[in-house]
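I am keeping these notes as I go through the coordinates, looking up a few residue environments and one pocket.

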Amino acid sequence: MISDRERSGIGMTSARTRERLIERLKEEGIRSEAVLNRIREVPRHLFVDEALSSRAYEDTALPIGHGQTISQPYVVARMTEAVIADGRPSKVLEIGTGCGYQTAILAGLADTVFSVERLGPLLRRARELLGSLGIRNVRFRHGDGWEGWKSHAPYDAIIVTAAPPETPQALLGQLAEGGRLIIPVGPRSHQELLTITRRGDQFEEQLIGHVIFVPLLPGLD
Ligand code: SAH
């Protein structure tokens, strides 16, 4: 349950604290007003453990249990900018729901978000939290992200928030024409964040930057 006190965001989670994060993201080069507004709107402190809520508006990744992390706001912002670069997507597939923060950001900027997570407890928590925030345009699946979510394909965008050593072929196959896959690829220590755009049978690759994500693991837990 979320108390009124949490909902209103008191103290370290105040509007001023949130605004400082927005300023910081602008300084770091985030330009999309739509993305900045959505980050301003979504209460990140509700997605982390209460003990960490005073740090929720720092531009940093934080632990969410089960050895996983909530992504750094800058990285969420950059990836979301890439998702909406061609306008509002109708269908977005997200691999790695985690605490559901990136999911909540996307839900305000796309018609429908499909989100796949391999850890059941994280998925349940994310589903409950998004429900309590009144977010209704997300479909969740307890599944293996390496396989995507074929029955709802093709997607205008696919965003992967855990890093595989190489791009999963199934995800390329589930992109719509002109659709884009935003994905960190590489070994555990450092990865390249890529946008891969489908042009017929060809895939155009563009480097966004360097990042560190938890690994995209095989199979269900
Ligand atoms: N977007 C999340 C980031 C979560 S961390 C957020 O904003 O909080 C990455 C997540 O990917 C973890 O929850 C992890 O369990 C999940 N994951 C790793 N391998 C996976 C796979 N094969 N299929 C689905 N989810 C996977």
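I looked up the contacts of Thr195 in this predicted model, and, leaving out residues up to four places away in sequence, I found that Thr195 touches Ala82, Arg180, Leu181, Ile182, Glu204, Glu205, Gln206 and Ile208. Thr195 lies in strand E8, which covers residues 191-199. I then checked its accessibility: because the relative accessible area of Thr195 is 3%, below the 20% cut-off, I note this residue as buried.

I turned next to Leu193, which also has its place in strand E8. Its relative accessibility is 3%, so I enter Leu193 as buried too. Beyond the residues up to four places away in sequence, the contacts of Leu193 are Met79, Ile182, Ile183, Pro184, Gln206, Leu207, Ile208, Gly209 and Val211. I also took one C-alpha to C-alpha distance, and Leu193 and Arg124, 69 residues apart in sequence, came out 28 Å apart in space.

My last entry concerns the second largest pocket, for which I have a volume of about 580 Å³. Its lining is made up of 41 residues, and those closest to the pocket centre are Ser71, Thr161, Ala162, Phe213 and Val214. I asked which elements supply at least two residues of this lining, and I wrote down strand E2 (68-70), helix H4 (73-83), strand E3 (91-95), helix H5 (101-107), strand E4 (112-117) and strand E9 (202-211). Sorting the lining by class, I counted 22 nonpolar, 14 polar and 5 charged residues.

Technical notes:
Residues numbered from 1 in each chain as written. Predicted model: local features only at pLDDT ≥ 70, side-chain atom pairs only at ≥ 80, totals over all residues. Heavy atoms only, no water. Helix = DSSP H or I, 4+ residues; strand = E, 2+ residues; numbered from the N terminus. Buried < 20%, exposed > 50% of the residue type's maximum accessible area, 1.4 Å probe, protein only. Contact = heavy atoms within 4.5 Å. 1 Å grid on protein atoms, 1.4 Å probe; cavity = no way out; pocket = protein on both sides within 12 Å on 5 of 7 lines; lining within 4 Å. Points joined across faces, edges and corners; volume = space filled by probe spheres on them. Nonpolar A, V, L, I, M, F, W, Y, C, P; charged D, E, K, R; others polar.
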